[in-house]
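Colleague: I should be grateful for a close look at a single part of this model, namely the surroundings of the ligand. Please explain how that part is built and how it fits into the rest of the chain.

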Amino acid sequence: MMGVDAILPGAVLGVMGSGQLGRMFAIEARKLGYRVHTLSPDKDSPTGQIADREVVASYDDEAAVRDFAKGIAVLTFEFENVPSRTIEWAAEHCIVRPAGRVLHVCQHRLREKEFLAGAGLPVAPFRKVNKAAELAVAAAEIGLPGVLKTAAFGYDGKGQRKLLPGDDLAAAWVPFEGAPAVLEGFVRFEREISVLVCRGVDGAMATWPVCENEHANHILDITYCPARIPESVAASARALAERVALALDLVGVLAVEMFLLADGELVINELAPRPHNSGHFSFDASVTSQFAQQVRTICGLPLGSTESMRPAAMSNLLGDVWLDSRTGTPNWAAALAIPGVHLHLYGKADPKRGRKMGHITATGDDVESAAQKAKEARAGLVT
Ligand code: AMP
């Protein structure tokens, strides 16, 4: 149902963060006739290139944040590590979706795990660790192997270390000194999956088909959608993601990353209260993409169908593709010549190893052939 307070096309939508996720949000918002403003510390950003207005300011710049919020109808995020007080300043001038409290939970591993465990949702055993002595106690309680992670600002495996039985824990703690951390039990998973879920202002919810994710060097490499898992497991994963969205009282889009164990058990690894890299397939293969749904949810509009039109796969394009190409320019024509392949580039000028510069999506009759195409198209870029 469309509420009386729906934010209708023509209004100005604001997004904090200005990377590729904001860029794809801005593209979908503009398709619907909205105007888009973005605020981040970066200039000529992936989002700024598409937005009507790019404000370059620190998230700590109160005057700039308040001014930005006065010029928009609703604020959303493409990046969850926005300081809480920044969101509080904005909330005095515009609607904020998802709410600041959702970001507060999701931007800190310990708060996130405590929230999930408190809601009765499955997570790996974990302990808070603030000093070397606490690490020894946590390791004894949970048992090793385990994974030590910084509580804040970690992503793509940054600020993480696997600990094995017999490791020198005092030495392992040294790089973590000075910031809160979490020790998690190591999960012997069979697959990594993610579920994108969206929830409207009226509480209506929907999930996309489950994604299966393969990582390389801790960075997402390939997503298969649908995941190659039994239908009953997929249904449980989708139901679990809906429970998370409900527990958070989310308005917006949320990614729930999970580990799937050999016996079919699911363990939640991480939440991202925004569209997610693993949901990029939806831009080309779903009736409604995760970004279009982000627009709809924050504006109080009805949700679109999350049905997939075809099996799909995504391969990420890191700066390595540029750096490994003889001329420094990937062979775009080779990828574009493959039927069913879509190329997405984020407008970033400076390729670096490990930096996300774009992605490829491919559709096929089945997910294996789609993945084959997405991998081949990527391999063909480097000549
Ligand atoms: P994260 O930054 O928490 O998403 O972790 C990055 C990657 O490290 C995950 O995608 C997993 O492949 C691996 N990982 C993280 N936590 C665990 C865990 N508790 N047990 C096993 N593998 C993990």
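Modeller: The account below begins at the ligand and then moves outward through the chain. Please keep in mind that the model is predicted.

The shell around the ligand consists of 16 residues, and the closest of them are Lys149, Gln160, Glu184, Val187 and Glu192. By chemical character, the shell divides into 5 nonpolar, 6 polar and 5 charged residues. Three side chains may serve to show how the protein approaches the oxygen atoms of the ligand. In glutamine 160, an N or O atom of the side chain is 2.6 Å from a ligand oxygen. For arginine 109, the distance between a side-chain N or O atom and an oxygen atom of the ligand is 3.0 Å. For glutamate 270, the corresponding distance is 3.0 Å. On its own, the ligand has 480 Å² of accessible area, and the protein covers 92% of this.

Which elements give two or more residues to this shell? They are strand E7 (146–150), strand E9 (181–185) and strand E15 (266–272). The domain assignment gives domain 1 (12–96), domain 2 (125–185) and domain 3 (189–381). At least three residues of the shell come from domain 2 and at least three from domain 3. The C-alpha centres of domain 2 and domain 3 are 29 Å apart.

Two of the closest residues, Lys149 and Glu184, deserve further attention. Lysine 149 and glutamate 184 form a salt bridge, with their closest N and O atoms 3.0 Å apart. This pair links distant parts of the chain, since lysine 149 is in strand E7 and glutamate 184 is in strand E9, 35 residues apart. Glutamate 184 also meets the side chain of lysine 113 in a salt bridge, with an N to O distance of 3.2 Å. Here, too, distant parts of the chain are linked: glutamate 184 belongs to strand E9 and lysine 113 to helix H5 (residues 109–118), 71 residues apart.

Are the side chains in these two pairs buried or exposed? A residue counts as buried when its relative accessible area is under 20%. Glutamate 184 has a relative accessible area of 3%, and is therefore buried. Lysine 113 is likewise buried, because its relative accessibility is 3%. Lysine 149 is at 5%, so lysine 149 is buried as well. As a general principle, side chains of opposite charge can pair when their charged atoms come close.

Beyond the pairs just described, a search of the whole structure finds 24 salt bridges. One of them joins aspartate 221 and arginine 378, whose closest N and O atoms are 2.8 Å apart. Aspartate 221 is in strand E13 (residues 219–225) and arginine 378 is in helix H13 (residues 367–379), so that distant parts of the chain, 157 residues apart, are linked by the pair. Arginine 378 counts as buried because its relative accessibility is 17%. Furthermore, Arg191, Glu212, Glu214, Arg228 and Glu368 are joined into one network by salt bridges that share partners.

Some features of the backbone complete the picture. The peptide bond from arginine 97 to proline 98 is cis, with omega near -5°. Proline 98 is located in the loop between strand E5 (95–96) and helix H4 (100–106). Another cis peptide bond, with omega of about 10°, joins cysteine 225 and proline 226. Proline 226 is in the loop between E13 and helix H8 (231–248).

Asparagine 217 is not a glycine, yet its phi is positive, at about 50°. Asparagine 217 is part of the loop between E12 and E13, and it counts as exposed, with 72% relative accessibility. Aspartate 44 is another residue other than glycine with a positive phi, near 45°. Its place is in the loop between strand E2 (35–40) and strand E3 (53–56), and its relative accessible area of 56% makes it exposed.

To return to the part requested, the ligand is surrounded by 16 residues, and the protein covers 92% of the accessible area that the ligand has on its own.

Key:
Residues are numbered from 1 along each chain as its sequence is written. This is a predicted model: local features need pLDDT of at least 70, side-chain atom pairs count only at pLDDT 80 or more; totals for chains, interfaces and linings use all residues. Side-chain values use heavy atoms; hydrogens and water are left out. A residue is near a molecule or strand if one of its heavy atoms lies within 4 Å of it. A polar contact is a pair of N or O atoms within 3.5 Å; within protein, one must be able to donate a hydrogen and the other to accept it, and residues adjacent in sequence count only if both atoms are side-chain atoms. Accessible areas come from the Shrake-Rupley method with a 1.4 Å probe; for residues, only the protein chains shown count as cover. Helices (H or I, at least four residues) and strands (E, at least two) are DSSP runs, numbered from the N terminus. Ala, Val, Leu, Ile, Met, Phe, Trp, Tyr, Cys and Pro count as nonpolar, Asp, Glu, Lys and Arg as charged, and the others, Gly among them, as polar. Domain bounds come from an automatic or database domain assignment. A salt bridge is a side-chain nitrogen of Lys or Arg within 4 Å of a carboxyl oxygen of Asp or Glu. Buried means under 20% relative accessible area, exposed over 50%, partly exposed in between (1.4 Å probe, protein chains only).
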